[in-house]
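Reader: Hey, got a minute to walk me through this one? I'd like to get my bearings before I head back to the bench.

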Amino acid sequence: MQAVTTVAEVREQVREWKRAGLTVGLVPTMGFLHEGHKSLIVRAAAENDRVVVSDFVNPTQFGPNEDLESYPRDFERDCKLCEEAGAALVFHPEPSEMYAPNACTYVNMDELTHELCGLTRPIHFRGVCTVVSKLFNIVTPDRAYFGQKDAQQLAVIRRMVRDLNFGIKIVGCPIVREEDGLAKSSRNTYLSPEERTAALCLSRAVFAGQRMVEAGERDAKTVLDAMRAIIEAEPLAKIDYVKMVDFENIVQIERIEDAPVLCAMAVYIGKTRLIDNFIYEPEGHGCGCGCDSCGCGCND
C-alpha cells in the first residue's frame, strides 16, 4: 500500500491502473478511521481492482465554532487499518494541496441541504460537495463508497453525481454499530464514560422508531414523538433535531407512503454532537440504499 500527499501522485498512479484496465474504488474519509470506515474499504476492495482512501480533514465543511482544530487525527493508525482492509493507496494531502490560497470556487446545492444538518450547519454541505467533487476529479473512480450513518450526505452526493453527470456509481453502506448499539463515529472519542452511556439514547430511539414503522405505523408524528421521548428522558441529551423526510428529496413528511423515508436525528451529549438514523424502504423499492432508482450500484 502506498501513502501519498499530492494530487499529481494520485493521478499518476490511477492513470497507470487504468492503462492496465483496472477498476478503481474511492472511499472518502476525514481520517481517525474505525470499523465503519473499514467496512467501506473492505466492500470497495471486493468490488474493485484497486481502492483509494482519502484521509483529509476538510476545513471547508467546518463552521467557525466547530471542532476543526480538535477533530481527532492518527494517520499512522489509519494507514494500518487501510492496509488491513485492502486499500492500495491512501491520499493524505495538506489543506494547501487541496485549496489554493485564493480559491473561490465551490459546489453549492439547493433543496436537499435546507433540512436536517443543513439547518444548523449552513456551510457544511457546500464544503462536502466541493471536496468530494475535487476528489472525484483527482481520483476518477468507477465507484465511491459512503456510509448510511451520514444519510443526508449520502443523498446529497447521489444528487450531485446525477446533476453534474459524474458517471460514478455511489454505493451506500450500512451503519456499523458498537455491540451496545451506538453508531461508530470518530467523535465518540470526545465522550466521557458517563456521556458514552448517555449516548445510547440515540440508538434506543432509532431502534424503537424502526420497530414502530416496520410494525405498520405510518404517522410520522407518532413515531417521532416516541423517539423524542426516549431521548428527552436522558438528562445529558439535548436534541438538535429528530425528523422524518423523503429520502430522495430531504423534505419533511407527515405520513409514510410509497417512497423511501429517512428518519434522522442529531443530538448533543454534553458538548458532542452525534447523529443516527434509520431508512425505511417500502416493499418493491430495492435495497435499503434505494439503488434501484438512484443507480448507486449496490446491486452490482
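**A walk through the model**

Author: Sure, let's start with one contact: the side chain of Ser 133 reaches the backbone oxygen of Cys 129 at 2.7 Å. Keep in mind that this is a predicted model.

Reader: OK, which helix does Ser 133 lie in?

Author: Ser 133 lies in helix α6.

Reader: And is Ser 133 buried or exposed?

Author: Ser 133 has a relative accessible area of 6%, so it counts as buried, the cut-off being under 20%. Leaving aside neighbours within four places in sequence, Ser 133 is in contact with Val 107, Met 160 and Phe 166.

Reader: How many residues of α6 are buried?

Author: 13 of the 16 residues of α6 are buried, so the helix is largely enclosed by the rest of the structure. From its first C-alpha to its last, α6 reaches 22 Å, close to the 22 Å expected at 1.5 Å a residue. Just after α6, Thr 140 takes a positive phi of about 45°.

Reader: Which strands does α6 lie across?

Author: Helix α6 lies across β2, β3, β4, β5 (143–147) and β6, and it runs at about 150° to β2.

Reader: Let's do the sheet then. What's the strand order?

Author: The order is β1-β4-β3-β2-β5-β6, six strands in an open sheet with parallel pairing. β1 (2–4) and β6 (169–173) stand at the edges with a single partner strand each, so one side of each is left without a neighbour in the sheet. On average, neighbouring strands are turned by 25° against each other, direction ignored.

Reader: How many bridges join β2 to β3?

Author: Six bridges join β2 (residues 24–29) to β3 (residues 50–55), and the two strands run parallel. Within that pair, Val 27 stands opposite Val 53 in β3. Helix α1 (residues 7–19) also packs on this sheet, where it touches β1, β2, β3 and β4 (89–91). The direction of α1 makes about 150° with that of β4.

Reader: What about Val 90, where does it lie?

Author: Val 90 lies in strand β4. It's buried, with a relative accessible area of 1%. Apart from neighbours within four places in sequence, Val 90 is in contact with Met 1, Gln 2, Ala 3, Val 4, Val 53, Asp 55, Phe 75 and Cys 82.

Reader: How far is Val 90 from Ile 168, C-alpha to C-alpha?

Author: Their C-alpha atoms are separated by 20 Å, and the two residues are 78 residues apart along the chain.

Reader: Switching topic: how many residues of α7 are buried?

Author: 11 of the 13 residues of α7 are buried, so mostly covered is a fair description. Among the buried ones are Leu 154, Ile 157, Arg 158, Arg 159 and Met 160. α7 spans residues 151–163 and reaches 18 Å from first C-alpha to last, close to the 18 Å expected at 1.5 Å a residue.

Reader: I noticed Gln 152 in there. What does Gln 152 touch?

Author: Not counting residues up to four places away in sequence, Gln 152 touches Leu 112, Thr 113, Glu 115, Leu 116, Cys 117, Gly 118, Phe 125, Ile 250 and Leu 262. A polar atom of the Gln 152 side chain lies 3.0 Å from the backbone nitrogen of Cys 117. Gln 152 itself lies in α7 and is buried, with a relative accessible area of 5%.

Reader: Any odd backbone angles? What's the phi of Asn 165, say?

Author: Asn 165 has phi near 55°, a positive value in a residue other than glycine. That stands out because most residues other than glycine have a negative phi. Asn 165 is found in the loop between α7 and β6.

Reader: Is Asn 165 buried or exposed?

Author: At 66% relative accessibility, Asn 165 counts as exposed.

Reader: And what phi does Glu 111 have?

Author: Glu 111 has a positive phi of about 65° although it is not a glycine. It's found in the loop between α4 (95–98) and α5 (117–120). With 57% relative accessibility, Glu 111 counts as exposed.

Reader: Great, that's what I was after. Thanks!

Terms used
Residues are numbered from 1 along each chain as its sequence is written. This is a predicted model: local features need pLDDT of at least 70, side-chain atom pairs count only at pLDDT 80 or more; totals for chains, interfaces and linings use all residues. Side-chain values use heavy atoms; hydrogens and water are left out. Helices (H or I, at least four residues) and strands (E, at least two) are DSSP runs, numbered from the N terminus. The expected span of a helix is 1.5 Å times one less than its number of residues. Buried means under 20% relative accessible area, exposed over 50%, partly exposed in between (1.4 Å probe, protein chains only). A polar contact is a pair of N or O atoms within 3.5 Å; within protein, one must be able to donate a hydrogen and the other to accept it, and residues adjacent in sequence count only if both atoms are side-chain atoms. Contact means heavy atoms within 4.5 Å. Two strands pair if DSSP finds at least two bridges between them. Axes are lines fitted to C-alpha atoms, for helices over the stretch in contact, and angles run from 0 to 180 degrees between N-to-C directions.
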